[in-house]
Amino acid sequence: ETLGAFPARSTDSAKQRSPIAVPIRASSPEDTRLIQACVDGGVTLPGAVLVASVICSCVRGAVRPSLRRDALGLLSQIAAVADDDTRLQLIVPFCVASAADGAAAVRAAAVRALASTTARVETFPASDAKVFPEFVWPSLMNLARDREESVRVAYAASLASLAG
């Protein structure tokens, strides 16, 4: 699977440019081990905001639901090593927007990623006090009646984490 195509560099201007496919992959077991080591050590990585921004930007135009679903899994992992501002200002809004996706797998992944991300928030600034009652909960309200059972199950499993 590729995210997009970029023009190839060519020394001969007469040649037609050919696209280079840039592969994206889901996280590997090694990635997971590295992130878990950071989480276990209580490390917050300052570059996490950049990685999360790139993932969010690239995935907005993704056509395949599997790419959007995998991106939410990556964001959930990045949230484990990101600071609270990145979680609340970038990852949470992306997850909430993804909860309205047309693909059930993406909606379910969005709810799981949102629950995982919000559970990691340690300090909640007063300026974000109304985020959940005015933005998050109204956006998720329809998931309890979603036509797909997998989405309803993911939502029900995440309720306790989201409410806490």
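# Helix packing in a seven-helix protein

Helix H2 (residues 48-59) packs against helix H4 (residues 84-98) at an angle of about 20°, and their axes are 11 Å apart. Here an axis is a line fitted to C-alpha atoms, for helices over the stretch in contact, and angles run from 0 to 180 degrees between N-to-C directions. The model is predicted, so local features need pLDDT of at least 70 and side-chain atom pairs count only at pLDDT 80 or more, while totals for chains, interfaces and linings use all residues. Residues are numbered from 1 along each chain as its sequence is written, and side-chain values use heavy atoms, with hydrogens and water left out.

**The whole protein**

- The protein has 7 helices and 2 strands; helices (H or I, at least four residues) and strands (E, at least two) are DSSP runs, numbered from the N terminus.
- Starting at the N terminus, the order of elements is β-β-α-α-α-α-α-α-α.
- Of the 164 residues, 35% count as buried, where buried means under 20% relative accessible area, exposed means over 50%, and partly exposed lies in between (1.4 Å probe, protein chains only).
- Take the contacts (heavy atoms within 4.5 Å) with a separation of 6 or more: residues 24 or more positions apart account for 61% of them.

**H2 with H4**

- Back to the opening pair, whose angle is about 20°: that makes H2 roughly parallel to H4.
- The word follows from cut-offs: under 35 degrees is roughly parallel, over 145 roughly antiparallel, 65 to 115 roughly perpendicular, and the rest oblique.
- H2 passes H4 in a left-handed crossing, meaning that the near helix is turned anticlockwise from the far one by less than a right angle (clockwise would be right-handed).
- From H2, the contact uses Val-49, Ala-52, Ser-53, Cys-56 and Val-59, and from H4 it uses Thr-86, Leu-90, Ile-91 and Phe-94.
- These residues divide into 7 nonpolar, 2 polar and no charged; Ala, Val, Leu, Ile, Met, Phe, Trp, Tyr, Cys and Pro count as nonpolar, Asp, Glu, Lys and Arg as charged, and the others, Gly among them, as polar.

**H5 with H7**

- Helix H5 (residues 104-119) and helix H7 (residues 149-163) pack at about 10°, with axes 9 Å apart.
- H5 is therefore roughly parallel to H7.
- On the H5 side you will find Ala-104, Arg-107, Ala-108, Val-111, Arg-112, Leu-114, Ala-115, Thr-118 and Ala-119, which meet Ser-150, Val-151, Ala-154, Tyr-155, Ser-158, Ser-161 and Leu-162 of H7.
- Sorted by class, this contact has 10 nonpolar, 4 polar and 2 charged residues.

**H6 with H7**

- The axes of helix H6 (residues 131-140) and H7 come within 13 Å and cross at roughly 175°.
- H6 and H7 are therefore roughly antiparallel to each other.
- Phe-132, Trp-137 and Leu-140 of H6 meet Tyr-155, Leu-159, Leu-162 and Ala-163 of H7.
- The residues in this contact divide into 7 nonpolar, no polar and no charged.

**A closer look at H5 and H3**

- H5 is mostly covered, with 12 of its 16 residues buried.
- Among those buried residues are Val-106, Ala-109, Ala-110, Ala-113 and Thr-117, and what covers the buried residues of H5 includes H3, H4, H6 and H7.
- The 16 residues of H5 should span 22 Å at 1.5 Å a residue, and the end C-alpha atoms are 23 Å apart, which agrees; the expected span is 1.5 Å times one less than the number of residues.
- For the 15 residues of helix H3 (residues 65-79), the expected span at 1.5 Å a residue is 21 Å, which agrees with end C-alpha atoms 21 Å apart.
- In H3, the buried residues include Leu-67, Arg-68, Leu-72, Leu-75 and Ile-78.

**Two alanines to find**

- Ala-119 lies in H5 and is exposed, with a relative accessible area of 53%.
- Ala-119 and Ser-161 are 42 residues apart in sequence, yet 6.2 Å apart in space, C-alpha to C-alpha.
- Ala-48 lies in H2 and counts as buried at 5% relative accessibility.
- Leaving aside neighbours within four places in sequence, Ala-48 is in contact with Ile-78, Val-81 and Ala-82.
- The C-alpha atoms of Ala-48 and Gln-77 are separated by 9.9 Å, with their positions 29 residues apart along the chain counted as sequence distance.
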